[in-house]
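Let's take a friendly walk through this model together. Have the sequence and the 3D view open as you read.

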Amino acid sequence: VNLKKPCPFWDDNSHCGIRDCAVKPCPSDEVPDGIRSGSHKYSEEANNLAEECEEAKRLGAVDGSLSEETQQAVLQWTQHDDSSDSFCEADDIYSPDAEYVDLLLNPERYTGYKGPDAWKIWNSIYEENCFKPQNVKRPLASGRGESFIYLTKWFRSVCVEKRAFYKLISGLHASINIHLSARYLLQDTWSEKKWGPNVTEFQQRFDEVITRGEGPRRLKNLYFLYLIELRALSKVLPFFERPGFQLYTGDKSHDVEMKNQLLDVLHLAKSFPLHFDENSFFAGNKKEAAKLKEEFRLHFKNISKIMDCVGCFKCRLWGKLQTQGLGTALKILFSENLIEKLPESGPSYGFQLTRQEIVALFNAFGRL
């Protein structure tokens with residue numbers, strides 16, 4: 001992941017995010033060839049803001065170390081890409097700023113990243129990238145549901161694809177809020193930090209009374225997101241079933257074991273009896289459908305770029321990963337014909353997933 005890409009939409013003045021959610025770089029002997037980056041020095045101004053952002057510094061830092069086993073696996077992973085149909089702005093893994101991050105060492109949880117900077121991210125996503133009319137205010141702005149009636153009217157007036165897009169983003173927002181509520185900093189003393197569920201935080205976002213009826217809709221959108229990604233897993237089975245496909249772990253026997261476990265998960269997903277039927281999407285006039293699909297793709301790509309504006313690096317890491325996971329799921333659903341035509345052996349030029357997309361797809365689904 002490249003956590004140092006500049007925000008492409010506005011000047012990022014979040015010195016708190018830059019200084020106090022900084023990545024702890026991997027020791028040079030752990031970093032694969034071509035990924036090594038120079039030391040990152042902070043400006044004098046940023047260094048003077050330690051007290052202001054002490055909480056975010058401790059809670060939002062990313063642990064960049066890798067286990068010895070992972071280091072070996074990294075050296076053997078292969079890279080192939082055919083991203084012309086991608087729904088996400090993928091990081092360039094050959095950039096000197098790209099780093100390998102162990103997600104197990106960096107769990108998604110409350111980091112102290114909140115307030116105007118965090119609000120600005122979601123506001124940009126909802127106001128500019130969700131096919132939403134200007135008179136409908138973004139949800140979760142206050143948690144009190146003032147725009148609920150307007151939102152309901154708008155839902156009845158737009159096509160199913162645009163409603164689905166909005167529901168996916170709302171579901172992703174709900175999912176992230178649940179993660180932060182479930183792993184909240186409950187106790188912070190010199191002797192220990194205690195993380196656990198914060199029921200009050202959860203209720204403020206999802207309780208039917210507090211949100212004036214909007215909370216349950218958010219949870220429904222979360223389930224809609226889950227069904228979409230589950231459907232993608234069932235559709236992508238032929239890509240992973242090909243004999244030539246391997247999950248490179250650095251150990252041949254482990255490769256076979258991991259592939260078998262992966263196929264078990266995908267067959268289980270395929271056996272689910274109540275799958276979402278995406279065939280109603282883009283099913284009208286071919287020219288209009290193609291235009292709408294491209295608009296859909298570009299809107300989502302824009303949202304993936306907004307993740308580079310998140311001030312806290314740990315939040316940015318998980319935001320990028322879950323966004324790319326959803327983008328990969330959409331890419332799969334819109335490539336069904338290409339997946340069905342994949343040859344059993346040889347390269348799959350028509351449809352391809354990068355290692356980044358595969359990692360993002362399964363980790364994003366894991367969060368749901």
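A residue counts as buried when its relative accessible area is under 20%, as exposed when that area is over 50%, and as partly exposed in between. With that cut-off, 49% of the 368 residues of the chain are buried. Please keep in mind throughout that this is a predicted model.

**The chain as a whole**

The secondary structure comprises 15 helices and 4 strands. How are the contacts spread along the sequence? Taking contacts between residues at least 6 apart in sequence, 79% join residues at least 24 apart.

Two pairs of residues illustrate how positions separated in sequence are placed in space. The C-alpha atoms of G60 and F313 are 6.5 Å from each other, although 253 residues separate the two along the chain. G60 belongs to helix α3, which covers residues 54-60, and G60 is counted as buried because its relative accessibility is 0%. The second pair is I121 and D308, with their positions 187 residues apart in sequence and a C-alpha to C-alpha distance of 9.8 Å.

I121 deserves a stop of its own. This residue sits in helix α5 and has a relative accessibility of 5%, so I121 counts as buried. Which residues does I121 touch, once those up to four places away in sequence are set aside? The answer is W10, Y113, I306, C309 and V310.

**Two crossing helices**

Now turn to helix α7 (residues 160-182) and helix α9 (residues 214-235). Their axes lie 7 Å apart, and the helices pack at an angle of about 105°. Angles of 65 to 115 degrees count as roughly perpendicular, and α7 and α9 are therefore roughly perpendicular to each other. On the α7 side, the contact is formed by A164, K167, L168, S170, G171, L172, A174, S175 and I178, while α9 supplies R218, L219, N221, L222, F224, L225 and I228. Sorted by class, this contact has 10 nonpolar, 4 polar and 2 charged residues. One of the α7 residues in this contact, S170, will come up again among the annotated positions.

**A hairpin of two strands**

Strand β3 (residues 184-188) and strand β4 (residues 193-196) run antiparallel and are joined by 4 bridges. The hairpin linking β3 to β4 passes through 4 residues. Across this pair, L185 faces W195 of β4, and Q187 stands opposite K194 of β4.

**Positions annotated in UniProt**

An unreviewed UniProt entry gives C312 and C315 the feature "active site". Where do the two cysteines sit? C312 is in the loop between α12 (286-306) and α13 (313-333), whereas C315 is in helix α13. Are they buried or exposed? C312 is buried, because its relative accessibility is 0%. C315 is partly exposed, with a relative accessible area of 21%. Apart from neighbours within four places in sequence, C315 is in contact with T111, Y113 and V310. Y113 and V310 also appear among the residues touched by I121.

The unreviewed entry in UniProt also carries the annotation "binding site", which covers R109, T111, W122, S170, H173 and R205. T111 is thus both an annotated position and a contact of C315. R109 is located in the loop between α4 (68-76) and α5 (116-129). Leaving out residues up to four places away in sequence, R109 touches L180, R183, W195 and K314. W195 is also the β4 residue opposite L185 in the hairpin. R205 lies in helix α8, residues 199-206, and is partly exposed because its relative accessibility is 23%.

**A loop residue with a positive phi**

Following the chain on from α8, we meet R212 in the loop between α8 and α9. Its phi is near 55°, a positive value in a residue other than glycine. R212 counts as exposed, because its relative accessibility is 56%.

**Accessibility side by side**

The table gathers the residues discussed here by accessibility.

| Residue | Relative accessibility | Class |
|---|---|---|
| G60 | 0% | buried |
| I121 | 5% | buried |
| R205 | 23% | partly exposed |
| R212 | 56% | exposed |
| C312 | 0% | buried |
| C315 | 21% | partly exposed |

Note on methods. Residues numbered from 1 in each chain as written. Predicted model: local features only at pLDDT ≥ 70, side-chain atom pairs only at ≥ 80, totals over all residues. Heavy atoms only, no water. Axes fitted to C-alpha atoms, helices over the stretch in contact; angles between N-to-C directions. Parallel < 35°, antiparallel > 145°, perpendicular 65-115°, else oblique. Contact = heavy atoms within 4.5 Å. Nonpolar A, V, L, I, M, F, W, Y, C, P; charged D, E, K, R; others polar. Pairing = 2+ DSSP bridges. UniProt positions renumbered as here; feature names shortened; annotations may be inferred. Buried < 20%, exposed > 50% of the residue type's maximum accessible area, 1.4 Å probe, protein only.
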